[in-house]
Amino acid sequence: MVDGAAVGRRERKKAATRAAILEAATTLFLARGFDAVTVREIADEADVSPKTVFTHFPHKEALVFSDEGERHERLIAAVSGRLPGTTISDALKAHYLSEIAELQSEPQRQILALMEDTPALIDYAEKMWLRHEDALVAAITEELGLEEPSGEIRLYVRFALQIQLVAVREADPAPTIDAGFRLLDKGWASYGDPGGDDAQP
């Protein structure tokens, strides 16, 4: 029989070790830059072995994005937990604005500055964000009461995720988010073909 108290102690120890690694990594990254810091230095600062670091974080980049699991849950909840009468697009728009606003707070602003100086982190962050695609497709498919996702759902999700990647780089992300979802919801034809007579300025 498993001792519940022993399991609890192990989980608390794991959580404490993870927190110590994260604190060490963040301190070193912000002081010297991501590329200048090695995993061994992080391990030494946290008083653990490099193997222990990789047990908790499979990639060095994951030390900067330790909340990726939470971001995933919030994204899916934005769709599945939206208020009655709220469209999926409106729910995602509100979620994106909330997430981007959080990135502007401390210490997230410091992490953004670190990313701007490290192209590898930007690439990693974008790849991590796009990994949410299948889960978001599944959530929308379920919300619409379908057994299988349609091509339209897959394309909608692919483009919807790209909207956030574009908007996060803007000083004022709201207009970009509005434009992106307006295009998704109403289509290019409603905007006007730039080569047509009814093209808008």
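Here, buried means under 20% relative accessible area, exposed means over 50%, and partly exposed covers what falls in between. Keep those cut-offs in mind while touring these close-ups, which all come from a predicted model.

**View 1. Leu-183, Trp-188 and Tyr-191 make a nonpolar surface patch.** The patch amounts to about 310 Å². One of its members, Leu-183, sits in helix α10, which runs over residues 173-186. With a relative accessible area of 40%, Leu-183 falls between the two cut-offs and is therefore partly exposed.

**View 2. Helix α6 keeps its buried residues on the same side.** Look along residues 108-116 for Ile-111, Leu-114 and Met-115, the buried residues of α6. Because they cover an arc of only 100 degrees around the axis, these residues share one side of the helix.

**View 3. Helix α7 also has its buried residues on the same side.** This helix has 12 residues, 119-130, and spans 17 Å from its first C-alpha to its last. That is close to the 16 Å expected at 1.5 Å a residue. Its buried residues are Leu-121, Tyr-124, Ala-125, Met-128 and Trp-129. They take up an arc of only 135 degrees around the axis, so they lie on the same side of α7. What covers them? Included in the cover are α4 (68-80), α5 (88-103), α6 and α9 (151-167).

**View 4. His-95 is a buried residue of helix α5.** You will find His-95 in α5, and its relative accessibility of 9% is why it counts as buried. Leaving aside residues up to four places away in sequence, His-95 touches Arg-74, Leu-75 and Ala-78.

**View 5. Glu-68 and Arg-71 meet in a salt bridge in helix α4.** The count for the model comes to 11 salt bridges, and this one has an N to O distance of 3.7 Å between the two side chains. Glu-68 and Arg-71 are 3 residues apart in α4, so about one helical turn separates them. Are these two partners buried or exposed? Glu-68 is buried, at 8% relative accessibility, and Arg-71 is buried too, with a relative accessible area of 15%.

**View 6. Asp-178 forms a salt bridge with Lys-93.** The closest N and O atoms of this pair are 3.3 Å apart. Asp-178 belongs to helix α10 and Lys-93 to helix α5, so the bridge ties together parts that are 85 residues apart in sequence. Asp-178 counts as partly exposed at 32% relative accessibility. Lys-93 is also partly exposed, at 21%.

**View 7. Arg-169 and Glu-126 form a salt bridge that links distant parts of the chain.** Here the closest N and O atoms are 2.2 Å apart. Arg-169 comes from the loop between α9 and α10, while Glu-126 comes from helix α7, and the two are 43 residues apart. Arg-169 is exposed, at 54% relative accessibility, whereas Glu-126 is partly exposed, with a relative accessible area of 24%.

**View 8. Four charged side chains are joined in one salt-bridge network.** The members are Glu-68, Arg-71, Arg-74 and Glu-99, joined by salt bridges that share partners. Two of these names are familiar from View 5, where Glu-68 and Arg-71 meet at 3.7 Å. Arg-74 appeared in View 4 as one of the residues that His-95 touches.

**View 9. Ala-167 is a buried residue of helix α9.** Ala-167 lies in α9, and a relative accessibility of 0% is why it counts as buried. Which residues does Ala-167 touch, not counting those up to four places away in sequence? They are Ile-100, Pro-173, Thr-176 and Ile-177. For a sense of how the chain folds back, try Leu-97: Ala-167 and Leu-97 are 70 residues apart in sequence, and their C-alpha atoms are 9.1 Å apart in space.

**View 10. Asp-47 has a positive phi although it is not a glycine.** The angle is about 60 degrees. Where does Asp-47 lie? Asp-47 is in the loop between α2 (39-46) and α3 (50-56). With 71% relative accessibility, Asp-47 counts as exposed.

Notes
Residues numbered from 1 in each chain as written. Predicted model: local features only at pLDDT ≥ 70, side-chain atom pairs only at ≥ 80, totals over all residues. Heavy atoms only, no water. Patch = residues over 30% accessible without salt bridge, like charges linked within 9 Å, V, L, I, M, F, W, Y side chains within 5 Å. Areas by Shrake-Rupley, 256 points an atom, 1.4 Å probe, with all protein chains shown as cover. Helix = DSSP H or I, 4+ residues; strand = E, 2+ residues; numbered from the N terminus. Buried < 20%, exposed > 50% of the residue type's maximum accessible area, 1.4 Å probe, protein only. Arc of directions from axis to C-beta. Expected span 1.5 Å × (residues − 1). Contact = heavy atoms within 4.5 Å.
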